[in-house]
Amino acid sequence: MKTKNVWKKIAGMGLVLMLSATALAGCGGAKSEGGTASTGAGAAAGTGTLAKIKERDKFVVGVKYDLNLFGLKDPASGNVEGFDIDIAKAIAKKVLGDENKIELKEVTSKTRIPMLKNGEIDAIIATMTITEDRKKEVDFSDVYFLAGQSLLVKKDSPINGLKDLQKGMKVLTAKGSTSAKNIRASAPDVEVLEFENYAEAFTALKAGQGDALTTDNALLYGMAKQDPNYRVTEETFTEEPYGIAINKGDAEFVKAVNDLLKEMKENGEYDKIYEKWIGEKPKK
Amino acid sequence: MIDFSILFDHWDMYLEGFWNTVQASLLALVGSFVLGTLFAIFRISPIRPLNWIGTAYVEFVRNIPLILVVFLFFVGLPAMGILLAPFVAGTLGLTVYTAAFIAETIRAGILAVPKGQMEAARSSGLTYGQAMRYIILPQAIKVVIPPMGNQFINLVKNSSVLGVIAGLDLMYFGDLISADTFVTFDVYIFVAIFYLILTLPLSMLVSYWERRLAGSR
């Protein structure tokens, strides 16, 4: 009886010690996170994103919740599904050995870079085009999806490409997207209206607030699938290479992601994910 | 340190946004005052059906979020075949929404005038309309000015809802500049300053009127 109580006490003390150790480690972790964000050079052992993910045993990734085919929250099940999510799962599987050890956070084109920079997320996998400007702010993995900008129009619309866009026409897109800059450059006469996200832009298009919606065709196909009254014009007038954004200076994590992408392309897993969402094999 | 080059580099956008915010605010201010006064009179009028209309309007509109009122005009009306530009839809939504609050403010002011005033006015031969116009409203306005000023200041700030429906206001351009420069804090600091340029003088004007009218009591 007595020995049992002693053991209980020891076990209790051990538990307290363990808890305080975790709490301390938690503080330490938070500190090193801050350090990483401010110096931007987190590649040193133990402070990089990779170490952070392993320590927390969870990969926290920023994805879109409103994009059919890439990252869409199913209102019935509450699950977020899409191409980007499958890529995130593959990373979790590679790094942590379990594809379910991910935590998804909703980002928009507007919030994703600030969220990555302040350490809320480990990476952005949210149909983000690699641009020179953005490279100054974040590091990108290799291209994980190659899209091209196109137009979504009403089925009976006379618009079939850039040349059909005339002065006074309204083209809708999302705030902070490359698509907005591209359309301003290639069709300077049209009025460009930017919305919080593509779902709102599409709502506005359906309400008749614009003549076309422009963004990467990969996203437009998702919208056309949702509402068959709309079609995607065939012409693509840009090349939009999507990359996974990682905090600046974290070469270790970038390399890990690039190695994984290469591996997935070689073993056919990438093609499988691509076909599952886009409905065709990737162009070689 | 705040980076002023953001302000200078995007001066055009800030200015266009500011101007549109001024226009939306002024239009909504006048519109909501007229509409609000009308519904306030409906609510206290002795005619029952008008009462119901006024109450229904106020309770319906002020109990749903502003952004939904604006969406109603932006995507709801087009579904019924009436297409409004984002700026127009936004300003209308703002007007309708603010009018509900103005109506309540004015109603409270009118009710604050002692009942005897109306009775005395009516018994000295004035019609209901005349009594309202010459006796009740001038007294009510004094009570109403401070809360009304609050509503108008709220209106200017609420006009930022236009940014969500591409209404080309200050908030909209703030979002675009932020997206363009990847700078969040500094961009919105300047946006805030532009709002203050509108709201601070409005705030002071209200205090001034309040003092003047208090003196003439």
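Select A:Gly62 and look straight across: A:Lys105 in β5(A) stands opposite. (Strands here are DSSP runs of E of at least two residues, and helices are runs of H or I of at least four, numbered from the N terminus.) You're looking at a predicted model, where local features need pLDDT of at least 70 and side-chain atom pairs count only at pLDDT 80 or more, while totals for chains, interfaces and linings use all residues. Residues are numbered from 1 along each chain as its sequence is written, with chains lettered from A and ligands numbered from 1 in the order in which they are written.

Now highlight β1 of chain A, residues 59-63: five bridges join this strand to β5(A), and the two run parallel. Widen the selection to the whole sheet, and you get five strands in the order β5-β1-β6-β15-β7 of chain A, an open arrangement with mixed pairing. Strands count as paired if DSSP finds at least two bridges between them. The edges are β5 (102-106) and β7 (138-140) of chain A, each pairing on one side only.

Next stop, A:Val80, in strand β4 (residues 80-81) of chain A. Is A:Val80 buried or exposed? Neither quite: A:Val80 is partly exposed, because 19 other C-beta atoms lie within 10 Å (20 or more would make a residue buried, 12 or fewer exposed, with C-beta atoms placed from the backbone). Beyond neighbours within four places in sequence, the contacts of A:Val80 include A:Val63, A:Tyr65, A:Ile85 and A:Leu104; contact means C-beta atoms within 7 Å. Try a distance to A:Glu106 as well: the C-alpha atoms are 9.6 Å apart, with the two positions 26 residues apart along the chain.

Hop over to chain B and pick helices α6 (115-123) and α7 (128-158), whose axes come within 10 Å and cross at roughly 155°. The axes are lines fitted to C-alpha atoms over the stretch in contact, with angles from 0 to 180 degrees between N-to-C directions. So α6(B) and α7(B) are roughly antiparallel, a label for angles over 145 degrees. Show B:Gln117, B:Met118, B:Ala121 and B:Arg122 from α6(B), which meet B:Ala131, B:Ile135, B:Ile136 and B:Gln139 from α7(B).

Last, find where the chains touch: 13 residues from chain B and 16 from chain A take part. On chain B's side, α4 (66-79) and α8 (170-181) are the elements giving two or more residues, and α4(B) has the largest share, four residues.

Conventions
Parallel < 35°, antiparallel > 145°, perpendicular 65-115°, else oblique. Contact = placed C-beta atoms within 7 Å.
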